[in-house]
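Q: I have a chain in front of me and want to learn how to read it. Where do we begin?

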Amino acid sequence: MRARTRVTAAATALAMAVTLSACGSSKSDLSDDDGAGDVATVAPATPAGSPPQAAQLPGTVIPAAPGTALAQAGSTLAILGTDGTVTLHTAPGPQDTPPPRPVDLPATTALIGDGDGFLAAAPGQIVRIAPGGAVTRVAEVKGHVLSLAVANDGRILAGTDDGRLLVLARDGKVQRDIHKFVRVDQILVAPKGSGVAGQVSVIDRAQSSITPVGIDDGDIKAALRAGNGVTDAVVDRYGRVVASNTRDDELLGFYGAPIVMRFRFPVAPSPYALAYDESANLLWVSTTGNNAAIAYDLATGEPRERARIGTVGQVGALAVDAGSGMLYLISARGDGLQVVPRSAVDTHG
């Protein structure tokens, strides 16, 4: 399968720029309350409904409540349920032992791995969850937090449903409040050693856009439209951002400073959740329209299919163990947690 278009020209990138975010703020104050202004928006995309689950699937399916996010820290896997609960599992293999451990944290809205534990957002606060389940408050925050990330220097980044990107020191003190978006659904940080190390990008589903942000000065770089319905995104070891454009059935690739679109690649039906296997340099994408997950090799800069597996129904999130390559898929409708070892995946050139 070949991509429809590869976009490399600067003129094309500029033509796709979202002008609302093209200018940075010159304010010296830590708070920027300008907001996104009067901008065109789209209804945030949702994945297609899945057909009934197949009887035979690769790997093992462990009973689990419906989930919307997965995060791994060391030997612990955390599941964020559709009801806002968090459950910790000892990173499952063939069997889930010991039993899963619920976390005493109601109405959780965002969850990521951080070191040997997790960061999570609940009403009015950001907390740290230890592998054993203990909860410690890190910061008090206003607003409904949709997304979390950790910058390369250890600062915490939080995105809200009213379009704020909060930059917090590790002690929870707010260093900067960047209010330039409609929503901050996802925050991506280019890893150390990549060509754009430390670059922070914001995914705004209401504008279906990707925008690099200077977290030290609040500068908003030129943004790009990410199709008509971006839903999920990952950043690889080279600092490339790959996003699922669910409404248009395609993957989008972005890279550079300034950022430009590098490819548009057709994937059907309804690409949604993404995960990146760093050790194998493979991108996994779930397609909820047919209960499948596809692995793409990104070595050449454009996706090349290497594997395809059947999945539990309505996959809401994916995760890959960086060490073992174990693939985890959580169903958002209650079909369970699918655990697929790398040895069960038949990759091909």
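**Reading Asp297 and its surroundings**

A: Start with one residue. Asp297 is found in strand 26, residues 292-297. Keep in mind that the model is predicted.

Q: Is Asp297 buried or exposed?
A: Compare relative accessibility with the cut-off. Buried means under 20%. Asp297 has 9% relative accessibility, so Asp297 counts as buried.

Q: Which polar partners does the side chain of Asp297 have?
A: There is a backbone partner and a side-chain partner. The side chain of Asp297 reaches the backbone nitrogen of Ala299 at 2.8 Å. A polar contact of 3.1 Å joins the side chains of Asp297 and Arg306.

Q: Which residues are in contact with Asp297, leaving aside neighbours within four places in sequence?
A: Asn281, Leu282, Glu302, Pro303, Arg304 and Arg306 are in contact with Asp297. Arg306 is thus in the contact list and is also the side-chain polar partner.

Q: How many aromatic pairs are there?
A: The count comes to 1 aromatic pair. Phe265 and Tyr296 form that pair, with 5.5 Å centre to centre and 75° between the planes. Planes over 60 degrees apart count as edge-to-face, and the Phe265 and Tyr296 pair is edge-to-face.

Q: What does the pair of Phe265 and Tyr296 tie together?
A: Look up the element of each ring. Phe265 lies in strand 23 and Tyr296 in strand 26, so the pair ties together parts that are 31 residues apart in sequence. Both Phe265 and Tyr296 are buried.

Q: Now the backbone. What should I expect of phi and of peptide bonds?
A: Most residues other than glycine have a negative phi, and most peptide bonds are trans. Look for departures from that.

Q: Where are peptide bonds cis?
A: The peptide bond from Ala257 to Pro258 is cis, with omega near 5°. Pro258 has its place in the loop between strand 22 (250-255) and strand 23 (260-266). A cis peptide bond also joins Ala268 and Pro269, where omega is about 0°. Pro269 lies in the loop between strand 23 and strand 24 (271-277).

Q: Which residues other than glycine have a positive phi?
A: Ser208 and Asp249 are examples. Phi of Ser208 is near 45°, and phi of Asp249 is near 55°. Ser208 is placed in the loop between strand 17 (200-204) and strand 18 (209-213). Asp249 lies in the loop between strand 21 (241-245) and strand 22.

Q: What is the relative accessible area of Ser208 and of Asp249?
A: Ser208 has 0%, so Ser208 is buried. Asp249 has 28%, so Asp249 is partly exposed.

Q: And an exposed residue: where does Pro123 lie?
A: Pro123 lies in the loop between strand 9 (117-122) and strand 10 (125-129). At 59% relative accessibility, Pro123 counts as exposed. Leaving aside neighbours within four places in sequence, Pro123 is in contact with Pro106 and Ala107. Pro123 and Val141 are 18 residues apart in sequence and 8.2 Å apart in space, C-alpha to C-alpha.

Q: What does the whole chain look like in numbers?
A: The chain has 1 helix and 30 strands. Buried residues make up 55% of its 349 residues. Among contacts between residues at least 6 apart in sequence, 49% join residues at least 24 apart. The chain exposes about 14,000 Å², and carbon and sulfur atoms supply 52% of that area.

Methods. Residues numbered from 1 in each chain as written. Predicted model: local features only at pLDDT ≥ 70, side-chain atom pairs only at ≥ 80, totals over all residues. Heavy atoms only, no water. Helix = DSSP H or I, 4+ residues; strand = E, 2+ residues; numbered from the N terminus. Buried < 20%, exposed > 50% of the residue type's maximum accessible area, 1.4 Å probe, protein only. Contact = heavy atoms within 4.5 Å. Areas by Shrake-Rupley, 256 points an atom, 1.4 Å probe, with all protein chains shown as cover. Polar contact = N/O pair within 3.5 Å; in protein donor to acceptor, adjacent residues only side chain to side chain. Phe/Tyr/Trp six-rings, centres within 6.5 Å; stacked < 30°, edge-to-face > 60°.
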